[in-house]
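Visitor: I should like to learn how to read a structure of this kind. May we look at it together and take one feature at a time?

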Amino acid sequence: MEIFIAQVINGLSLGSIYVLLVTGFNLLLLVAMIIHFSFPVVVVFSMYIAWIVLGLTGNNIFLGVTAGILSAILFNIITAPMFQHIMKKRGEVDINSTMVLSMGLGMIITDFLSHSINSGFPIAFPDNLTGRAEGAFLKFGLISMSRGAFLALTVGVVFVSGLFWLLYKTKQGRAFRAIAEDPNGAKLVGLPILKTGLQSYALTGFLGGSTAILMAILLGSASPGLGDQLGHKVLAVSIIAGLGNLKGGLIVGLALGILEALVQGYWTGTWSNAIAFVIMLIAILVKPKGIFGMKL
Amino acid sequence: MAQNKPAGTTILEVKELSVSYGHVNALKSVNIEVCKGEIVVLIGANGAGKTSLMETILGVNEVDSGAIIFEGKEITKKSADKIVRSGIFLVPEGRGVFSSMTVTDNLLLGAHHNLKGSKEKMDYVFSSFPILGERKGQVAGTLSGGERQMLAIARALMSSPKMILVDEPSIGLAPKIVNDIFDILIKLNKEGYSILLSEQNVYKALKCAHRGYVMETGKILLSGSSEELLNNSEIRKAYLGA
């Protein structure tokens with residue numbers, strides 16, 4: 001039983017990461033009206049930026065974390081005009097062209113990471129960030145939590161509740177939801193579509209950058225291929241939950257994390273990806289529009 | 001054609017406006033004028049260009065040529081959010097309320113550019129439309145057609161507009177509700193709002209408006225006071241079945 005609880009807790013931490021990534025992806029889909037499936041690649045890019053800055057500053061955590069978060073916000077804002085250029089001409093979700101743009105950006109980043117940083121070898125984050133050397137952060141019998149697991153879970157809960165607060169209690173959130181429901185209707189009531197879209201790029205950049213730091217702490221390392229791997233999972237989670245469905249993404253993201261952790265705990269870690277995808281395949285065959293329905 | 005020189009100060013003037021979607025000319029050299037305190041109605045069948053004209057005034061469509069002047073300032077190339085800020089608000093065809101959002105949220109969207117005083121405005125709207133006050137926590141998707149139309153009009157009021165564009169408010173509503181909606185528009189007009197209305201319900205619309213324009217295939221065909229248009233034999237034949 002303790003192993004089960006321990007693995008569920010591990011799964012929730014990993015799931016929090018998925019939830020943050022899926023939420024960022026869904027926000028861009030709903031408000032900026034783009035399919036940015038390379039968003040997790042941008043997040044991994046920010047992990048690398050944090051790693052570089054940590055290396056340059058003698059493992060100064062504050063600077064490393066700040067650089068990681070800022071780089072994701074900046075990357076999103078700098079690439080926004082390209083996406084918005086397409087959106088301005090189409091006015092509605094244009095899946096094909098924004099997907100190609102996102103794919104291109106993802107490939108450039110992955111190539112850059114595998115050629116130009118650390119000769120393409122995986123990078124490892126310093127112990128003072130990950131807390132590896134200290135051992136368990138929290139411990140009750142067999143159940144223990146690393147610093148990364150604890151942070152991923154708490155920050156995940158705080159950020160996701162903060163996001164729902166923003167969406168349902170603020171003026172900006174109201175505009176986000178209106179654009180998500182009906183972009184043309186939102187234009188007719190005078191909402192500034194492009195400006196509000198840009199705010200969603202900045203917000204998802206902040207979410208992505210923070211997720212990058214959590215991943216650095218939780219995983220302790222990163223490799224150039226990590227972004228693509230996560231990109232597939234995030235796209236799958238989003239579609240299985242129902243594209244653009246924030247609450248669905250929350251549940252399926254956590255469920256995927258728990259599933260992977262249980263497979264690792266009771267069977268074998270190397271098969272956790274394959275098993276997760278088999279179950280997701282079954283889910284999409286049974287519910288082609290996603291378990292919780294699309295919200296576009 | 002009847003002499004159509006409105007009395008009073010002009011609030012909105014559309015001059016030689018042309019708009020096209022691809023190869024289709026949606027509006028061809030359209031001229032209209034609305035004075036402060038007037039209800040002006042655009043009459044025409046589906047596809048005559050009424051909605052195109054309203055959306056172009058609101059800044060949604062790209063203008064080929066011509067000018068739109070609101071309160072003496074040209075707004076032709078401005079974006080929709082700037083035009084809404086300057087005091088024009090559209091009540092879209094088919095209501096255009098956000099069905100997954102609550103009545104309160106829909107109303108606050110109308111006040112997006114100026115949330116100051118939105119509490120008082122909301123109280124005023126709820127006193128004018130008590131049914132909306134009763135349903136303020138419900139999502140708009142659960143409202144009836146008439147209630148949605150009221151919500152769309154109330155949302156316009158939340159923006160403190162100087163001028164309201166109302167696109168086909170009677171469409172798909174029961175006759176009794178249609179009467180209620182027209183009563184509401186007349187009441188708002190008496191409170192000082194200038195209204196540009198588009199309608200296929202020609203008789204009712206002309207009964208409530210001061211003046212009207214008849215549109216066909218993107219052009220203004222006729223214009224005149226409501227009485228002149230009601231007595232015009234062509235209009236009687238084409239729209240009133242007499």
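Guide: Let us begin with a pair of strands, bearing in mind that this is a predicted model. In chain B, strand β1 (residues 10-21) and strand β4 (residues 65-70) run antiparallel and are joined by five bridges. Within this pairing, V14(B) lies opposite I68(B) of β4(B).

Visitor: In what order do the strands of the sheet stand?

Guide: One reads a sheet from one side to the other, strand by strand. Here the order is β2-β1-β4-β5 in chain B, an open sheet of four strands with antiparallel pairing. Strands β2 (24-35) and β5 (73-74) of chain B are the edge strands, since each pairs on one side only.

Visitor: Which strands does helix α1 of chain B touch?

Guide: Helix α1 (residues 50-57) of chain B packs on the sheet and touches β1, β2 and β4 of chain B. The direction of this helix makes about 65° with that of β2(B).

Visitor: At what angle do helices α6 and α7 of chain A pack?

Guide: For two helices, one considers the angle between their directions and the distance between their axes. Helix α6 (residues 147-169) and helix α7 (residues 171-181) of chain A pack at about 80°, and their axes are 5 Å apart. An angle of 65 to 115 degrees counts as roughly perpendicular, so α6(A) is roughly perpendicular to α7(A). On the α6(A) side, the contact is made by L166(A), L167(A), Y168(A) and K169(A); α7(A) contributes Q172(A), G173(A), F176(A) and R177(A). By class, this contact of α6(A) with α7(A) has four nonpolar, two polar and two charged residues.

Visitor: How many residues does each chain give to the contact between chains A and B?

Guide: One counts each side separately. Chain A gives 14 residues and chain B gives 20 residues. On the side of chain A that touches chain B, the elements giving two or more residues are α7 and α8 (183-188) of chain A. Of these, α7(A) gives the most, with six residues. The side of chain A that touches chain B comprises six nonpolar, two polar and six charged residues.

Visitor: Which residues of the largest nonpolar core touch the most other members?

Guide: That core has 160 residues, and those touching the most other members are L21(A), M47(A), A50(A), A216(A), A154(B) and L165(B). Helix α1 (residues 2-32) of chain A gives the most to this core, with 15 residues. As a single case, A50(A) touches residues beyond four places away in sequence, including V65(A), A67(A), I213(A) and A216(A).

Technical notes. Residues numbered from 1 in each chain as written. Chains lettered and ligands numbered in written order. Predicted model: local features only at pLDDT ≥ 70, side-chain atom pairs only at ≥ 80, totals over all residues. Axes fitted to C-alpha atoms, helices over the stretch in contact; angles between N-to-C directions. Parallel < 35°, antiparallel > 145°, perpendicular 65-115°, else oblique. Contact = placed C-beta atoms within 7 Å. Nonpolar A, V, L, I, M, F, W, Y, C, P; charged D, E, K, R; others polar. Pairing = 2+ DSSP bridges. Core = buried A, V, L, I, M, F, W, Y, C linked by C-beta atoms within 7 Å. Buried ≥ 20, exposed ≤ 12 C-beta atoms within 10 Å, placed from the backbone.
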